[in-house]
Amino acid sequence: MSVSSVARGAVKAYAGTGMLGSGFAESSLRQAMAWSPDFIGVDAGSTDGGPSYLASGTSMFGEGSTTRDLEMLLRAAQDAGVPLVIGSAGTGGGDRNLVWTRERLGEAARRVGKPFRLATIASQQDAREVARALREGRVRALPGAPDVQPEDVESCDTVVAMMGAEPIAEALAAGADVVLCGRASDAAVFAALPLARGVDAGAAWHAAKVLECGAAAVTQRAHPDGMFAWLEADGFVVAPPNPAFRCTPQSVAAHSLYENADPFWLREPSGTLDLTGARYEAVDERSVRVMGTRFEPAETYTVKLEGTRLRGHRSMVAGAIRDPYVLAQLDDWLAGVREEGTRRLDQSFAGVPYDLVVRQYGRRGVLGAREPVVEPSHEVLVVFELTASEQGIAHAMADDVRHIALHHPIPEWHGLITVLAHAHSPAVIDLGPVHEFALNHVLETDAHAPFRTHIETVRP
């Protein structure tokens, strides 16, 4: 892209990749830095992988890949003298996720070898305080989330609030060279500095929505990589630093469908992004200008709450079925296995609560009852999942169900048959603790109250 085609004075933003640890091309980083960004941002978290990362304090990506990305982005930011903003540390954004990412950042800093001012913004909440806010009427469910009682909130093992742009902007104003956030709105990572510099809120938030996933708004993203934006007075321009990638009006507009319930109304803590009037125009074959987006401030500031609680421990058995006679009556066969399995478990584990889930991959494995194609494939993988209060109990239950399914008969066969071809030996695999999201709500508050900022000088 020709930088001369973008208005002078634009605030320039670079997203290193769609998620910290997923990687990016070194050549893309070099090109992005040649365009002289005013800051570098990278999101590091998501609920896409389920509740376990928040509940356990673990990261979706490992130490090596996370440290590699941090080292390269930190070095680039320090060499250019621009801030680096990292959102939703360690996938879940809880305190343990934050500590883990801080350790990776420390290792990256030792490799780079330059001191910097670090602002760490924690977002984990005291479940008892959230329960109190619920009693005061300041917590409400998001669409699709169940109503909860204070005792439900207090049963959560980890609760985080999703910060908006304000705590990040405050940390940058305090002189932070690196801002490491707990759970944060993906877009807030990229909207904070442009908003602080007076960029129109519609342009700032819409550009941030495009940037948050890195190169996801290109026509075909062959691998994780970065995205660059120039935020102008009346809109913004986006282009991928990687010359093998390109943005088109369609690819950028289509990104508003990604991870959003509504492609025209995108909600943030401070208000709603209105894309109904957005216009997308090609600047050249690789870049797109976006104009006409509006931002409607919210009457009441809210932050999203995500909370997890332990459901139990899970074990599973996977077995493939290729017998055409069994597949022709698979529903009846599975119903028989479930009936016999339930009878056996109720006898052997009298009074012990459990959940038995059966999945059929190759037949309704993804869509379940909504699957329009009912005929099975020539082979189906059946997965039996047993969840109980203790791992040993779940394992023993899975073993019982495995044996029943292995030899459960059909009328066409006489004598003992073996139906399942197990994928592993031993067949029962312990999956460990199982957590569930217990909170998908919003808290009425101000922009700063739920969050705690600590500023320090990191000296490698």
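## Exercises on a predicted model

At 0% relative accessibility, cysteine 181 falls in the buried class. The model is predicted. The exercises below start from this residue.

**Exercise 1. Cysteines**

Find how many disulfides the structure holds, then check cysteine 181 and cysteine 247.

*Solution.*
- Step 1. Apply the cut-off: two cysteine sulfur atoms must lie within 2.5 Å to count as a disulfide.
- Step 2. Take cysteine 181. Its nearest cysteine sulfur belongs to cysteine 213 and is 16 Å away. Cysteine 181 is therefore in no disulfide, given the 2.5 Å limit.
- Step 3. Take cysteine 247. Here too the nearest cysteine sulfur is that of cysteine 213, at 13 Å. Cysteine 247 is in no disulfide.
- Step 4. Add the accessibility. Cysteine 247 has a relative accessible area of 1% and is buried.
- Result. The structure has zero disulfides.

**Exercise 2. The largest cavity**

State the volume of the largest cavity and describe its lining by residue, class and element.

*Solution.*
- Step 1. Count the cavities. There are three of 30 Å³ or more.
- Step 2. Take the largest cavity. Its volume is about 70 Å³.
- Step 3. List the lining. It consists of His206, Lys209, Val210, Glu212, Val252, His255, Ser256, Tyr258, Asn260, Leu266 and Leu275.
- Step 4. Sort by class. Five lining residues are nonpolar, four are polar and two are charged.
- Step 5. Assign to elements. Helix H9 (residues 201–211) gives the largest share of this lining, with three residues.

**Exercise 3. Backbone exceptions**

Locate a cis peptide bond and two residues other than glycine with positive phi.

*Solution.*
- Step 1. Recall the background. Most peptide bonds are trans, and most residues other than glycine have a negative phi.
- Step 2. Check omega. Serine 425 and proline 426 are joined by a cis peptide bond, with omega at about 0°. Proline 426 sits in the loop between strand S19 (421–422) and strand S20 (428–444).
- Step 3. Check phi in a strand. Threonine 91 belongs to strand S3 (residues 84–91). Its phi is positive, near 80°.
- Step 4. Check phi in a loop. Glutamate 259 lies between helix H10 (249–254) and strand S11 (265–268). Its phi is positive as well, near 60°.

**Exercise 4. Accessibility of the two positive-phi residues**

Are threonine 91 and glutamate 259 buried or partly exposed?

*Solution.*
- Step 1. Set the limits: under 20% is buried, over 50% is exposed, and partly exposed is in between.
- Step 2. Threonine 91 has 0% relative accessibility, so threonine 91 is buried.
- Step 3. Glutamate 259 has a relative accessible area of 42%, so glutamate 259 is partly exposed.

Note on methods:
Residues numbered from 1 in each chain as written. Predicted model: local features only at pLDDT ≥ 70, side-chain atom pairs only at ≥ 80, totals over all residues. Heavy atoms only, no water. Buried < 20%, exposed > 50% of the residue type's maximum accessible area, 1.4 Å probe, protein only. 1 Å grid on protein atoms, 1.4 Å probe; cavity = no way out; pocket = protein on both sides within 12 Å on 5 of 7 lines; lining within 4 Å. Points joined across faces, edges and corners; volume = space filled by probe spheres on them. Helix = DSSP H or I, 4+ residues; strand = E, 2+ residues; numbered from the N terminus. Nonpolar A, V, L, I, M, F, W, Y, C, P; charged D, E, K, R; others polar.
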